[in-house]
Amino acid sequence: MAFNLKKIGPGLLFAGAAIGVSHLVQSTRAGADFGFGLIWALLLVNIFKYPFFQFGPRYAMATGETLLDGYRKLGKGVLITYFILTFATMFTIQTAVTIVTAGLAKSIFGFSISTEIWTVIILGICFVILSIGKYSFLDKLMKFIIITLTISTIVAVFFAFNNLEKSITTTQIFPNAMEFGFLIAFMGWMPAPLDISVWHSLWAIEKKKEDTTFSVKSSLFDFNVGYFATIILGLGFLTLGALIMFNSGENFSGNAKDFSNQLISMYTSSLGNWSYVIIGIAAFTTMFSTTLTTLDASPRAMAKTTQLLVGNLIKQSYLLWLLILMLGTILIFFFFQSDMALLITIATVLSFITAPLYAIANYVLISSKHTPKEWRPSKRIHVLSWLGLLFLVGFSLWYIVLNIDMFTQFYDWLTQLL
């Protein structure tokens, strides 16, 4: 299929949602702590998650309905499970991406405004954009942001290699028992949580409303462009962490503002001080796009789920869920503001251990009678799906067994909070 920028949309929204914490934070930390040792994990998780993400736009364009409509056909219990999982994770995920965005805003723009106030300002701007601009604005904005970020990251990696004064002779290929939690957190959001497949199906339907020629084939091409971009940029950020920070004796801070300064300095040390503003704005727009897309997607998904479960009893349910998510994000942010690293770890681990549920639901749906036969997976995709399921379930069970005490403590904390 010839490249046509007008046919690209939901795939770049996927990339915009994915290229955030998983890349700017987790990939750079992986490179800084393990050198090139975790490239295998980055590539493996992208390969094994691929079919389950692809099933989102494939099902949407093949049937004309979202994955949520498909979940309802699999049984009301599947949809209720999705509702519960999304409600349990969306606040933490939104807070994790917003706190990094706020930290970058404070580092770049300053204005003597606290990180807390920046959080409220950013969420307010996103609310206005989503209330007025809606999908069409997101579609146009993301094309510019992803292209800019891709170019700036590739250039930064090129200069980092040229400026490298010593070779990286040692890398740790597999984390020890104490560091295993980071491996799970790293893979949890690499390239993104699997529930983004649901968001992608919603965006694909919106794209179809604007472009009636948007088909299954064009949606799969669009998805592959976005997915490939997330892999390239993931490798780019890991490489920057490895080249600049590995064995340097410096560790990333858990404070949002300090981390943001370290992140931008990582680029400028490769490109030069002249690039501070350009790289700072590129990093900020990346995280802002993630904040914006996640703030749009979760309420859109919850509104659709509510409609499927109880009908149209709630007027303007999208705006209602948008307000709920914003208020919940602000409350959690003020609770966790001093420890960005803990918040991100909680969000990414939750995403990883719930991934098998989304993978199973997507695979069952795309292979069922509810999907037209010509668009069901090929034998090759079936094999990859089974391998992916074994990978996701195996790692999730392993992590839960090794950290049963942590999950007990988290349950106790959640009970007290509620």
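Colleague: Happy to look through this with you! Which residues do ring pairs link into a cluster with Phe14?

Modeller: Glad to help, and bear in mind that this is a predicted model. Rings count as a pair if their centres lie within 6.5 Å. Pairs of this kind link Phe14 into a cluster with Tyr50, Phe53, Phe223 and Tyr227.

Colleague: Nice. How many aromatic pairs does the count come to?

Modeller: The rule is again that of ring centres within 6.5 Å. By this rule, the number of aromatic pairs is 19.

Colleague: What kind of aromatic pair do Phe87 and Phe91 form?

Modeller: Both residues belong to helix 5 (residues 76-109), where they are four residues apart, about one turn of the helix. Their ring centres are 5.3 Å apart, with 90° between the planes. Planes over 60 degrees apart count as edge-to-face, so the Phe87 and Phe91 pair is edge-to-face.

Colleague: And is Phe91 buried or exposed?

Modeller: Its partner Phe87 has 39% relative accessibility and counts as partly exposed. Phe91 has 13% relative accessibility. Buried means under 20%, so Phe91 is buried.

Colleague: Which residue lies over the face of Tyr318?

Modeller: Here the test is for a charge within 6 Å of the ring centre. At 5.4 Å from the centre of the Tyr318 ring, the residue over its face is Arg300.

Colleague: One more, please: which residues does Thr119 touch, beyond those up to four places away in sequence?

Modeller: Thr119 sits in helix 6 (residues 115-132). Its relative accessible area is 1%, so Thr119 is buried. With residues up to four places away in sequence left out, Thr119 touches Thr98, Ala102 and Phe333.

Notes. Residues are numbered from 1 along each chain as its sequence is written. This is a predicted model: local features need pLDDT of at least 70, side-chain atom pairs count only at pLDDT 80 or more; totals for chains, interfaces and linings use all residues. Side-chain values use heavy atoms; hydrogens and water are left out. Helices (H or I, at least four residues) and strands (E, at least two) are DSSP runs, numbered from the N terminus. Buried means under 20% relative accessible area, exposed over 50%, partly exposed in between (1.4 Å probe, protein chains only). Contact means heavy atoms within 4.5 Å. Rings of Phe, Tyr and Trp (its six-membered ring) pair if their centres lie within 6.5 Å; planes under 30 degrees apart count as stacked, over 60 as edge-to-face and the rest as tilted. A charge sits over a ring if NZ of Lys or CZ of Arg is within 6 Å of the ring centre and within 35 degrees of the ring normal.
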